[in-house]
Structures are given as structure tokens and as C-alpha cells.
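Please examine the structure shown below. The questions after it ask how certain descriptive words are justified.

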Amino acid sequence: MMDVLSTIPFDGLGYLLKGKRAMGLSYSLLGLLRFWRVRRVKQLFTRLEKDIRFSYFCIRCARLLAVTTFTVHCAGCLYYLLADRNPHQGKTWIGAVIPNFRETSLWVRYVSAMYWSITTMTTVGYGDLHAVNTIEMTFIIFYLLFNLGLTAYLIGNMTNLVVEGTRRTMEFRNSIEAASNFVGRNRLPPRLKEQILAYMCLRFKAESLNQNQLIEQLPKSICKSICQRLFLPTVKNVYLFKGFSAEVLLILVSKMKAEYIPPREDVIMQNEAADDVYIIVSGEVEIIDCEREKEQVVGTLQSLDIFGEVGALCCTPHGFTYRTKTLSQLLRLKTTSLMEATQTHLQDYEKMLKNFLQHHKKLKDLHIGDLMVEGGEDEESDPNMASNLLNVAGTGNAAFLDELLKAKLDPDIGDSKGRTPLHIAASKGHEECVSVLLKHGCNVHLRDMNGDTALWNSISSKHHSIFRILYNAAAQCDPHTAGDLLCTAAKKDDTTLMKELLKQGLDVDSKDRHGLTAIQIAMAKNNVEMVNLLMGNGADVMNAKTHEFPPATLNEILQRREVGHRITVPDAGINGVVLARHEGDHQCPGQVCPRVSIYRGNPVVRRETGCVEAGRLIRLPASMEELKNIAGQKFGFDARNATVTDEQGSQIDSIDVIRDNDKLFIAEDPNSVI
């Protein structure tokens with residue numbers, strides 16, 4: 001309604017109805033409705049300011065000019081209206097200069113009014129057109145006050161336009177000045193100063209190219225569509241993601257961030273944690289080895305190459321520094337996002353590892369070891385992923401080995417010699433790899449072409465901590481583990497390895513799966529040195545076929561054992577077997593001095609709890625009281641009320657039933673502790 005009323009020509013209607021141009025006050029008030037159309041002009045300028053086809057600066061200046069012109073026009077017209085309505089024509093501001101101003105042309109009167117309005121707005125006037133009566137003075141007072149606000153508005157808007165156009169330049173100049181002051185204050189060399197300033201200049205030029213801020217303002221669905229449109233063709237052609245399903249590719253693309261990096265900037269530092277993976281969209285990136293005295297460029301990456309994936313997949317720090325050579329656009333992907341997206345789709349995860357191994361199978365400087373596939377495959381053939389478990393296990397990279405096993409690869413794969421990853425890790429001392437393989441259910445009892453198990457390889461390589469881990473795992477499912485090891489050493493006539501096994505606390509009388517002991521095998525092979533070693537460590541010869549062994553040699557060994565001539569001292573016990581030393585250096589001439597092994601605790605409880613506390617080898621005393629006193633001194637408790645039992649838990653009340661090399665268990669009274 002107001003828009004319609006503001007367009008009605010009330011002056012023309014009054015002239016048609018009354019036949020004269022001079023209208024009354026009512027017609028003049030109706031004419032003020034035309035000011036309603038001013039809001040349409042405001043809306044027009046608002047739309048033009050948002051239209052990117054036009055310069056914002058020009059539209060804004062045009063708007064300010066329109067506001068100023070409208071204000072000048074309205075003030076001049078109102079000022080002329082005061083003179084025109086005054087009955088005394090000569091006592092007005094324009095009548096004092098032009099006596100018969102009503103008879104002059106409309107153009108002269110309009111120009112005079114505009115001249116007064118502009119000079120009053122911009123200055124305080126020249127005095128040639130001035131107020132004559134009180135009404136005119138009052139109007140000028142309010143007009144000057146209004147001009148103060150209008151002038152402040154115009155100056156503020158023009159200042160904002162100018163400052164906004166130069167804001168980035170001023171920030172750049174301030175940063176350059178701050179950098180120069182920093183260099184001077186710290187007395188940095190001129191070469192370093194040039195590098196700092198050059199970097200800041202390049203950073204300023206490349207800042208306008210970053211688009212993350214724009215994309216992050218959009219809804220998630222639109223962001224995914226944009227990323228799919230911009231980055232999906234590039235990601236598809238990266239070697240690591242070839243063969244991926246469309247679903248996983250879309251997930252990865254939606255989590256990537258595009259960045260523009262200026263030249264000579266380090267994207268990844270050597271030995272830095274593997275947090276991100278980068279894909280090169282455009283530009284070049286140098287691979288630099290910084291561990292030497294002088295930086296050495298070992299390679300250059302170009303568009304569609306990826307870097308940072310070695311540290312991400314192998315869970316190791318980056319082996320090189322990656323530095324941009326030219327202005328480069330990179331896609332950054334968080335390592336956690338990569339692993340989460342692929343591990344939920346095992347086929348794509350296995351494909352990624354397969355692509356990774358195939359791409360790097362000829363590179364030996366990636367801190368993941370030599371990933372060459374055995375069998376001499378050519379580059380176009382598909383490498384056997386499982387066989388790479390052997391190589392990774394040999395390098396000791398437990399994290400990468402774990403990732404490969406999570407892809408459902410066979411942990412018991414063997415090489416041409418029948419060696420499994422567990423064999424290789426155990427022989428090379430990679431304890432973490434051994435733990436990873438056991439976690440994924442590898443077979444501890446597999447043998448290679450030589451008949452050796454991983455347990456045998458660990459002890460032969462003197463990796464005692466790995467031996468204990470494997471022994472505990474093997475003994476849980478095979479009670480003949482200790483006997484097999486000892487009998488194998490006896491069959492191979494390996495006294496050095498037999499000593500290592502005995503030092504680990506294995507029971508010297510343990511039987512293998514065929515019911516044989518090491519002493520029986522050694523006597524059958526007539527190995528005097530091995531028999532001497534086993535008997536010196538308490539081996540039982542009662543069930544051995546002694547007729548196959550020279551009686552004189554056997555008697556000599558028995559005499560030496562009876563006087564404690566030679567006893568190996570184990571370092572630790574696995575099954576609570578003897579950690580023993582010979583008690584005293586004196587001999588018992590003319591008689592046999594029986595010896596027993598004593599242990600603390602009930603034998604049944606020890607087996608149930610897996611107790612590995614070592615025992616003590618002592619001479620058998622003459623009475624039970626002396627035996628209890630010795631046990632109390634050795635183990636540090638009051639054994640006067642203790643119970644003495646054999647291996648089956650049967651209580652022993654008399655010293656006469658105890659024989660040489662018996663194993664005795666002293667179970668103390670819990671209320672009697674020293």
C-alpha cells in the first residue's frame with residue numbers, strides 16, 4: 001500500500017481538479033510520501049554490494065555519494081521552502097540577494113539553494129547567502145548539527161574502505177618489520193635473514209590460495225561433494241590406494257585437507273612422529289637425509305606421489321626430511337583417520353599393505369628393512385604378502401608385523417628352509433616380534449628343515465629372555481618341552497647348549513615324548529663329556545642303560561659327583577629347579593655324602609601358581625631337625641614346625657627314607673616367620 005501511495009502524483013491530480021499549480025498544505029504533506037521510495041534505493045545498493053560482479057569499493061562509494069547528494073538536495077529544498085512561505089519576500093535569505101526571486105527561473109532558485117546547502121555542509125559558508133530571520137537561523141543550527149554526524153559517517157566509511165584494501169599489506173609490512181627487528185636483536189647472519197624474509201614473502205603470496213577456511217564454513221554434505229570433485233581423481237591414482245573400494249576412497253577423501261606450501265619449507269622433519277600422510281597434487285618435494293654433516297638430497301617426489309606413509313604404516317619415526325622444492329599443493333591425511341578407515345574394511349586394508357610392500361620391495365633405506373620378496377619376482381608380478389612376514393620379523397619392526405598379522409596373514413608361513421617368522425625373530429633376538437607372533441596364535445612347535453624349533457634357535461643364540469617367553473608358551477601345551485630340548489642337545493653332542501639349558505633351570509631328568517632322558521641318550525652315544533656334565537648336575541642314572549657305558553668311566557664320574565667335584569650353577573629356574581651351589585669344599589673320604597634339593601612351599605601349590613623360586617642343593621643332614629634348621633636358614637623363616645614333603649606332596653617324617661638327589665619341599669607354618 002505504501003509503495004502504491006508513494007508513486008501517486010498528487011500535484012498533478014490537484015492541478016487537474018482545481019486548475020492551478022499552487023496547492024495547499026495537505027497536498028504538500030501527501031507529497032512527502034515519495035520519501036518512502038528511498039528505502040527501495042537502499043535495498044538496491046545493498047543487493048549491488050553483495051553482487052560479486054561489481055566492485056564493492058565502487059558500489060560503496062556510489063552509495064555514500066548518493067546519501068550526500070540526497071541530504072544536500074533535501075536541505076536546500078527545505079531551506080528554499082522557508083523563504084517561499086515567508087510573507088515578507090525581502091526578509092529571507094534568498095530575497096536579500098534576489099529581491100524578486102519568485103519571478104526568476106526555477107533553475108536559478110534551485111542552484112542557489114544547492115549552493116547554500118553544499119557550502120554549509122562542507123564549510124561554515126561564505127556569508128553571501130546567510131540567514132535573515134529567526135526561523136532560518138534555527139533551521140541552520142539543526143542542519144549544522146546534522147552535518148557533524150553525516151561527516152563522521154562519511155569519513156568512517158571511506159576510512160574502512162581504504163584500510164580494508166590495504167590490511168593484508170599492512171600486516172605483511174608489520175611482520176617483515178618484526179622479523180627484521182628479531183634478526184637484528186639476536187645478531188643472526190645475513191644469509192639467515194634473507195631466508196627468513198624470503199620465506200615470509202612467499203608465505204604472503206601463497207596465503208590467498210588456501211581454501212580450507214572456505215570449505216570448513218560449508219555443511220558437511222557439501223564439503224564431501226567438493227572434496228570428491230577436487231581430490232578423488234588424484235587419490236585414485238596414488239599407488240597406496242589402487243584397487244580400493246569406492247566407499248573407502250570417499251571416506252579418505254572427505255577427511256583430507258588441502259594445503260598450499262611455499263618453496264623450501266619442511267613439511268616433515270627427520271625422526272618426527274608419523275602423524276600425517278601427504279599426497280602431492282602439484283609441485284615438487286625433496287627427500288633429504290639430515291643425519292649426515294651436510295644435508296643430502298636422496299630423491300624428488302612429484303605430482304601423485306605420496307610421502308609419510310612409511311612411518312604411518314610401520315609406526316616408526318620418519319627416516320627423512322621432506323621439503324618443498326616449489327610452491328606445492330598437498331593433501332594432508334591424519335594417520336589415525338587412514339587406519340580407522342581401512343581397518344574396518346579388511347580387504348582394502350590388505351590391499352593397502354600389498355601395494356605398500358610391492359612399491360617398496362626394492363628400497364632398502366626406509367627403516368623397515370629389506371622388503372624384497374623371496375623367489376625373485378619381477379615388478380609386474382603380485383608379491384606374496386605372507387612371505388614378507390619373514391622379512392619384517394627379521395628387521396624387528398614389531399608394529400608393522402602386527403599390522404600385517406591384523407590383515408589375516410598366516411603367521412606360520414615358512415621360507416625355503418622351513419623357517420617361520422617366529423624362527424627368525426627368536427634367532428635374531430627381536431623379543432617384541434616374538435610377543436606379537438604369539439599374540440596372533442603362531443605355532444611354537446614348528447620345526448625347520450634342520451629339525452630345530454624357535455625355542456631351540458633362541459637358546460642357541462643365547463637370547464635368554466626370548467627363551468623364557470617361548471618356553472612358558474610351549475610348556476603349557478606340551479609337558480615334554482624340557483625333555484625334548486635336553487635330549488636334542490644330547491643327540492647333537494652339544495655340551496655348550498646343554499650348559500645353557502641347565503642354566504635356565506630345566507630339570508636334568510626331564511623326559512622327551514619317547515620317554516627318554518638326556519643321560520640315557522648320552523650314555524647310549526658313549527659321550528663321556530656329556531655324561532659327565534649331566535651327572536655333575538644331578539642326573540639320575542638308575543634307569544639309564546649303564547651297560548652301554550664304560551663302567552670305569554661311570555664309577556669315576558660318580559665319585560666326582562659324590563664329592564661335588566663339578567656342578568653347574570643355573571642363573572634362574574623356570575620350573576623351580578635347582579639354583580644350587582655345593583655346600584663346602586671338604587670331601588667325605590670313604591663314604592657317600594648324599595645330597596638333596598630343597599624348595600620352599602608345597603609342591604602342589606607351586607605347580608598351580610607357576611612358582612619359579614629357585615631351590616637349594618645341600619648335603620643331607622643326620623636328622624629331620626637339622627634339615628629343618630638348614631631350610632630355615634636358607635629361606636629365611638622359622639622351619640621348626642614346617643612340613644617336609646616329596647614331589648607328590650607326601651609328608652616325610654623320617655630322615656631314613658630320603659635318598660640321594662631327592663627333591664624335598666619345606667612348607668612353613670604361616671605363624672612362624674623370622
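The following questions and answers concern this predicted model.

Q: What is the make-up of the protein in helices and strands, and how many of its residues count as buried?
A: The protein has 27 helices and 12 strands. Of its 674 residues, 42% count as buried.

Q: Why is Glu-265 called buried?
A: The relative accessibility of Glu-265 is 18%. Buried means under 20%, so Glu-265 meets the condition.

Q: Where does Glu-265 lie, and which residues does Glu-265 touch?
A: Glu-265 lies in the loop between β1 (257-261) and β2 (266-268). Leaving aside residues up to four places away in sequence, Glu-265 touches Tyr-199, Arg-203, Tyr-322, Arg-323 and Thr-324.

Q: Why is Val-108 called partly exposed, rather than buried or exposed?
A: Val-108 has a relative accessible area of 35%. Buried requires under 20% and exposed requires over 50%; Val-108 therefore falls in between and is partly exposed.

Q: What makes Val-108 eligible, by its accessible area, for a surface patch, and which residues make the patch?
A: A patch residue needs over 30% relative accessible area, and Val-108 has 35%. The nonpolar patch is made by Trp-107, Val-108, Tyr-110 and Val-111, and its area is about 390 Å². Val-108 itself is found in helix α6 (residues 106-122).

Q: Why is Cys-477 called exposed, and why is Cys-487 called buried?
A: Cys-477 has a relative accessible area of 57%. Exposed means over 50%, so Cys-477 is exposed. Cys-487, at 1% relative accessibility, is under the 20% limit and therefore counts as buried.

Q: How many disulfides are counted, and by what rule?
A: The count comes to 0 disulfides. The rule asks for a pair of cysteine sulfur atoms within 2.5 Å.

Q: What makes strand β3 mostly covered?
A: Strand β3 (residues 276-282) has 7 residues, and 5 of them are buried.

Q: How do you know that β3 pairs with β8 and with β6?
A: Pairing requires at least two bridges between two strands. Strand β3 has 6 bridges with strand β8 (residues 328-334), in the antiparallel sense. With strand β6 (residues 306-307), β3 has 2 bridges, also antiparallel. Both pairings therefore satisfy the rule.

Q: Which residues stand opposite Ile-279 and Tyr-278 in these pairings?
A: Ile-279 stands opposite Leu-331 in β8, while the bridge partner of Tyr-278 in β6 is Phe-307.

Note on methods:
Residues numbered from 1 in each chain as written. Predicted model: local features only at pLDDT ≥ 70, side-chain atom pairs only at ≥ 80, totals over all residues. Heavy atoms only, no water. Helix = DSSP H or I, 4+ residues; strand = E, 2+ residues; numbered from the N terminus. Buried < 20%, exposed > 50% of the residue type's maximum accessible area, 1.4 Å probe, protein only. Contact = heavy atoms within 4.5 Å. Patch = residues over 30% accessible without salt bridge, like charges linked within 9 Å, V, L, I, M, F, W, Y side chains within 5 Å. Areas by Shrake-Rupley, 256 points an atom, 1.4 Å probe, with all protein chains shown as cover. Salt bridge = Lys/Arg side-chain N within 4 Å of Asp/Glu carboxyl O.
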